[in-house]
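Reader: I am new to protein models, and I would like to learn how to read one step by step. Could we look at one together?

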Amino acid sequence: MSDPKTDTVPGDPGHGGGTEPEPIKAVPLRRPGRWIAAALILVLLGLFVYGAATKEEYKWNTFGKYLFDKRILDGALVTLELTVLSMALAILLGIVLAVMRLSPNPVLRSVAWVYLWVFRGTPVYVQLVFWGLFPSLYQHIVLGVPFGPSFVDFNVQELQAAFLFAVIGLGLNEAAYMAEIVRAGINSVGEGQREASVALGMSWTQTMRRTVLPQAMRVIIPPTGNELIGMLKTTSLVTALPLTTDLYGRARDISSVNAQPVPLLLVTAAWYLAITSVLMVGQFYLERYYSRGISRQLTAKQLQELADAQGPVEKAK
């Protein structure tokens, strides 16, 4: 005699032996407002491009003439040098300031806080003007024993080092922001990591260098890339020193001679966009490198390898 509790009827959706239910046909919602907004934006963009291409004041022939001019290329190289050197100084000093802010020593914490307060609280243009006046404030720099013999004597006015002062001014200003970025990255590492390092006999400095900072890079890298791109554009302010060998300075000198500032500004913008695009690509790959093992989402290659590995297992069953 059959048990009604275990009997199944083929085709009965209420039992396990039936056929699968038909798939649900999902109909997406119609959103005509999005298409109207997109079409309106495309129309406005097309009108702007057409107007810019046909307007005589843009002088596109002058733009093409100076886009790869040797003076512009030399200015772009100087801008890259300013960006790299200033950012390197900012990163090194920012790490030191961040560690000082997290140090148990109250003197180090106070000095770091005052530094951040001054350099974040004053405009970078004003700071660059100060560095331009530095040779007038300090004609000689003497290093030696106070009230005793001197070992090194620099005549600052004879240096004519506007490029050096530009790097120092940009780097010191950016270091204040990099310090906060590094500090946020350090605080993102769990306290248990530090406790484990101390349990292994590491000092506070060794814990920061070997355990905390390598893990904090995942948080530090994205905003650092943004700061690097910001630094590239901030170099245009070195005219406050004054320094005119950078990209914007070269373009401004040329426009002062031919009295055509608009096409030269477009040339400058084109080079800034090109360099920024390259930096953004590098930032993308650097972020992906330091984010390894964080995301649970598998790549297409990993999914294919997983499917290939599961194939023999399914056949064995």
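Reader: To begin with the overall build, how many helices and strands are there in the protein?

Author: Please keep in mind that this is a predicted model. Counting its elements of secondary structure, we find 13 helices together with two strands.

Reader: How should I read the packing of two helices, and at what angle do H3 and H8 pack?

Author: A helix pair is described by the angle between the axes and by the distance separating them. Here helix H3 (residues 70-101) packs against helix H8 (residues 162-187) at about 45°, and their axes lie 6 Å apart. Angles from 65 to 115 degrees would count as roughly perpendicular and those under 35 as roughly parallel, and H3 and H8 are therefore called oblique to each other. The crossing in which H3 passes H8 is right-handed.

Reader: Turning to a single residue, where is the place of serine 255, and does it count as buried or exposed?

Author: Serine 255 sits in helix H11, which covers residues 247-258. Buried means under 20% relative accessible area, so serine 255, at 14% relative accessibility, counts as buried. For the protein as a whole, 28% of the 317 residues count as buried.

Reader: Which residues does serine 255 touch, if those up to four places away in sequence are not counted?

Author: With that exclusion, serine 255 touches Gln260, Pro261 and Leu264. A polar atom of the serine 255 side chain also lies 2.8 Å from the backbone oxygen of arginine 252.

Reader: How can I compare separation in sequence with separation in space, taking serine 255 and leucine 265?

Author: Serine 255 and leucine 265 are ten residues apart along the chain, while their C-alpha atoms are 8.6 Å apart in space. Across the protein, among contacts with a separation of 6 or more, 70% join residues 24 or more positions apart.

Note on methods: Residues numbered from 1 in each chain as written. Predicted model: local features only at pLDDT ≥ 70, side-chain atom pairs only at ≥ 80, totals over all residues. Heavy atoms only, no water. Helix = DSSP H or I, 4+ residues; strand = E, 2+ residues; numbered from the N terminus. Buried < 20%, exposed > 50% of the residue type's maximum accessible area, 1.4 Å probe, protein only. Polar contact = N/O pair within 3.5 Å; in protein donor to acceptor, adjacent residues only side chain to side chain. Contact = heavy atoms within 4.5 Å. Axes fitted to C-alpha atoms, helices over the stretch in contact; angles between N-to-C directions. Parallel < 35°, antiparallel > 145°, perpendicular 65-115°, else oblique. Left-handed = near helix turned anticlockwise from the far one by under 90°.
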